[in-house]
Amino acid sequence: MSLESHGTALRGLHRETDSLVRSHYGTFNRGDSPRNNQNEPFERRTRVMDFEAELQKVYAVFARICNLVVRLLWHCLHFLVSLWYFGLHIAEVLESYLISAGIFKRYRALNIHKLRYLAIVVESEDAYQISKVVQLLQWLADIGVTHVCLYDREGILKMSRGSILDKLKNVKLFEDVDENESLTDQQLMTLEFASFSDGKEGLAKAANLLFKEYLKLGGLSREQEEQIFTESHLTEALRTVGFKGPDPDLLLVYGPARCHLGFPAWRIRYTEIVHMGPLMSMKYGLLIKAIYKFTMVRQNYGF
């Protein structure tokens with residue numbers, strides 16, 4: 001074999017080897033090896049994973065910053081609200097002091113005769129503060145209120161009425177006073193003690209009385225039956241069984257709850273309800289202010 005034919009065979013073998021490598025590893029630049037070309041997908045995945053890790057770190061830092069900002073805003077808002085209520089409390093204390101001192105002339109002369117019957121609702125826990133209740137009744141007596149109903153849900157004031165009456169002068173129970181006597185004696189204060197059980201018991205007895213009257217009559221038409229169970233008949237039945245006191249014109253609530261705490265609903269249809277706050281922090285000036293506002297209100301009944 002000649003030298004020229006031997007070189008031709010070597011070149012053909014080189015071309016065949018090169019085509020096999022290209023078909024297996026793909027095309028690569030000179031200086032690159034098939035091993036380096038095979039590692040490129042792994043390096044690319046590694047770079048993507050590193051980028052995702054850095055992104056998660058940035059997200060965690062951003063979430064912490066947002067959480068810190070939200071907490072800071074919440075504390076600032078809570079501080080501003082607390083500061084607002086503190087300012088209102090200071091204003092109420094100052095106003096109560098000025099009213100008690102007689103600085104405001106409009107509170108000096110109250111049209112107390114417009115307040116015919118006053119109801120005091122006391123939260124059960126505050127009802128144990130008998131000294132505060134007695135002080136409140138003394139303030140009402142000084143203002144000129146003559147008819148008061150004391151109510152608490154558990155009946156604590158009713159059980160303590162003996163000690164309350166002993167500490168007050170010229171005071172009698174509502175059920176022990178004749179109606180004509182209470183109207184003529186303007187210096188006499190009448191007290192009514194009520195609880196949640198009185199409302200349920202009184203309503204049950206009144207309904208039982210109406211039912212007995214219905215059975216006695218018997219054989220009535222539907223229109224006559226409807227005439228028996230009217231509001232006036234229920235009121236008369238409650239008065240008959242001894243659970244019908246006057247409807248309060250004004251109801252003052254002492255306690256944290258802004259509701260009447262179960263006071264008989266049929267007695268407060270046209271009653272003004274005012275929340276006075278805890279009994280422990282009651283103030284004479286705020287009591288006068290509540291009564292004054294009621295005397296300035298014009299109530300319209302029906303059409």
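A pocket is here an open set of grid points, on a 1 Å grid over the protein atoms alone, with protein on both sides within 12 Å along at least five of seven lines.

**Figure 1. The largest pocket of the predicted model and the residues around its centre.** In this predicted model, the largest pocket has a volume of about 660 Å³. Of the 22 residues that line the largest pocket, Glu-92, His-275, Met-276, Gly-277 and Leu-286 are the closest to its centre. Helix 2 (34–100), strand 6 (272–277) and helix 10 (284–295) are the elements that give two or more residues to this lining, and helix 2 supplies the largest share, with six residues. Sorted by class, the lining of the largest pocket holds eleven nonpolar, seven charged and four polar residues.

**Figure 2. The surroundings of Tyr-151 in strand 2.** Tyr-151 lies in strand 2, which covers residues 147–151, and Tyr-151 counts as buried because its relative accessibility is 0%, where buried means under 20%. Once neighbours within four places in sequence are left aside, Tyr-151 is in contact with residues that include Ile-120, Val-121 and Val-122, together with Leu-157, Ala-194, Ser-195 and Phe-196. The contacts of Tyr-151 also include His-260, Leu-261, Gly-262, Phe-263 and Pro-264. Although Tyr-151 and Ser-195 are 44 residues apart along the chain, their C-alpha atoms are separated by 5.5 Å.

**Figure 3. Polar contacts from the side chain of Tyr-151 to the backbone of Gly-262 and Phe-263.** A polar atom of the Tyr-151 side chain lies 3.0 Å from the backbone oxygen of Gly-262, and the side chain of Tyr-151 also reaches the backbone nitrogen of Phe-263, at 3.5 Å.

**Figure 4. Helix 3 and the residue just after it.** Helix 3 comprises the 14 residues 130–143, which at 1.5 Å a residue should span 20 Å, and the end C-alpha atoms of helix 3 are 20 Å apart, so the two values agree. The buried residues of helix 3 include Ile-130, Val-133, Val-134 and Leu-136, and also Leu-137, Trp-139, Leu-140 and Ile-143. Just after helix 3, Gly-144 takes a positive phi of about 115°.

**Figure 5. The protein chain as the setting for the close-up views.** The secondary structure of the protein chain comes to ten helices and six strands, and buried residues make up 31% of its 303 residues. Among contacts between residues at least 6 apart in sequence, 70% join residues at least 24 apart.

Key:
Residues numbered from 1 in each chain as written. Predicted model: local features only at pLDDT ≥ 70, side-chain atom pairs only at ≥ 80, totals over all residues. Heavy atoms only, no water. 1 Å grid on protein atoms, 1.4 Å probe; cavity = no way out; pocket = protein on both sides within 12 Å on 5 of 7 lines; lining within 4 Å. Points joined across faces, edges and corners; volume = space filled by probe spheres on them. Helix = DSSP H or I, 4+ residues; strand = E, 2+ residues; numbered from the N terminus. Nonpolar A, V, L, I, M, F, W, Y, C, P; charged D, E, K, R; others polar. Buried < 20%, exposed > 50% of the residue type's maximum accessible area, 1.4 Å probe, protein only. Contact = heavy atoms within 4.5 Å. Polar contact = N/O pair within 3.5 Å; in protein donor to acceptor, adjacent residues only side chain to side chain. Expected span 1.5 Å × (residues − 1).
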